[in-house]
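Welcome! Here is a short guided walk through a protein model. Take a look at the picture first, and then read on.

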Amino acid sequence: MLKLFVGTSIYFPCRILEVARCSQLTDVGFTTLARNCHELEKMDLEECVQITDSTLIQLSIHCPLLQVLSLSHCELITDDGIRHLGNGACAHDRLEVIELDNCPLITDASLEHLKSCHSLERIELYDCQQITRAGIKRLRTHLPNIKVHAYFAPVTPPPSVGGSRQRFCRCCIIL
C-alpha cells in the first residue's frame, strides 16, 4: 500500500500508474502523485469517482510524458478539465489514447479541446450522452487517422398513433 502525506516531497520514478476503482483517491491525493511522478506515461483512473477537473489540471502541469489516460466512469470530469488537458504539455506531442467512457458531463466542447492533440490515435466515448456524431465528425476533420470508439443508443420509436399494437425498437427482446 502506497501512503502519501500532503506536503511531503517524494519523487516516484514510475511510468505506469494503475489506480482503477480506487474510490477513495481524491484530487488532494492525486495532486501529490502528479507533482512527484513526472515520468508518467500511462495512467488508469477508471472509476476513481472523486476525481474532478482539478486532477486534470495537475496532470496538464506535471505530467508532460503522458501517453495513455483512462478517465472512464470519472463522472465529475467536465469540458473545462479536458480543456486544461488539451492545453497541457503532453497533449500536443505525446497523448495517444484517452478513455472517457461514461463521463456524463463532457460534451462536444471536450472534442474541440482535443483537436490540438496531434498524436491522439484513439478516443473512447462509450455512453457519453452529450457527445454527438457531429462533434466526432469535427474532431476527425482535424485528426483524420483517429479511431473513435463510441456508442449511440438507438432511438426507440414512439408508440403507433391510432393503432393498438405497441412498437418496440429492433434491439429489444420481449421475454
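The protein is built from 6 helices and 6 strands. Please keep in mind that this is a predicted model. Starting at the N terminus, its elements follow the order β-α-β-α-β-α-α-β-α-β-α-β. Among the 175 residues of the protein, 40% count as buried. The protein exposes about 9900 Å², and carbon and sulfur atoms supply 54% of that area. If we take the contacts with a separation of 6 or more, 75% of them are between residues 24 or more positions apart.

**The sheet**

Let us begin with the strands. In what order do the 6 strands line up in the sheet? They form an open sheet in the order 1-2-3-4-5-6, and the pairing is parallel. Strand 1 (16-18) and strand 6 (147-151) stand at the edges; each has a single partner strand, so one side of each is left without a neighbour in the sheet. From one strand to the next, the twist averages 5°.

The partner of strand 1 is easy to find: strand 1 pairs with strand 2 (residues 42-44) in the parallel sense over 3 bridges. Here you can look for Glu-18, which stands opposite Asp-44 in strand 2.

**Helix 2 and Ser-60**

Next comes helix 2, which is mostly covered, with 7 of its 10 residues buried. These are Asp-53, Thr-55, Leu-56, Gln-58, Leu-59, Ser-60 and His-62. What do the buried residues of helix 2 pack against? They pack against helix 1 (27-36), strand 2, strand 3 (68-70), helix 3 (79-86) and helix 4 (89-93).

Ser-60 makes a good example from this helix, which spans residues 53-62. Is Ser-60 buried or exposed? Its relative accessibility is 10%, and the cut-off for buried is under 20%, so Ser-60 counts as buried. A polar atom of the Ser-60 side chain lies 2.7 Å from the backbone oxygen of Ile-57. Leaving aside neighbours within four places in sequence, Ser-60 is in contact with His-84, Leu-85, Gly-88 and Ala-89.

**Salt bridges**

Finally, let us turn to the charged side chains. The structure holds 9 salt bridges, and the table shows some of them.

| Acidic residue | Basic residue | N to O distance |
|---|---|---|
| Asp-108 | Arg-138 | 3.5 Å |
| Glu-112 | Arg-138 | 3.2 Å |
| Glu-124 | Arg-122 | 2.5 Å |

Take the salt bridge between Asp-108 and Arg-138. Asp-108 lies in helix 5 (residues 108-113) and Arg-138 in helix 6 (residues 133-142), so this pair ties together parts that are 30 residues apart in sequence. Asp-108 counts as buried at 13% relative accessibility, whereas Arg-138 is partly exposed, with a relative accessible area of 37%.

Glu-112 also forms a salt bridge with Arg-138. Glu-112 lies in helix 5 and Arg-138 in helix 6, so the pair ties together parts that are 26 residues apart in sequence. At 33% relative accessibility, Glu-112 counts as partly exposed.

In the pair of Arg-122 and Glu-124, Arg-122 is partly exposed at 24% relative accessibility, while Glu-124 counts as buried at 9%. Which residues are joined into one network by salt bridges that share partners? They are Asp-108, Glu-112, Lys-115 and Arg-138.

Key:
Residues numbered from 1 in each chain as written. Predicted model: local features only at pLDDT ≥ 70, side-chain atom pairs only at ≥ 80, totals over all residues. Heavy atoms only, no water. Helix = DSSP H or I, 4+ residues; strand = E, 2+ residues; numbered from the N terminus. Buried < 20%, exposed > 50% of the residue type's maximum accessible area, 1.4 Å probe, protein only. Contact = heavy atoms within 4.5 Å. Areas by Shrake-Rupley, 256 points an atom, 1.4 Å probe, with all protein chains shown as cover. Polar contact = N/O pair within 3.5 Å; in protein donor to acceptor, adjacent residues only side chain to side chain. Pairing = 2+ DSSP bridges. Axes fitted to C-alpha atoms, helices over the stretch in contact; angles between N-to-C directions. Salt bridge = Lys/Arg side-chain N within 4 Å of Asp/Glu carboxyl O.
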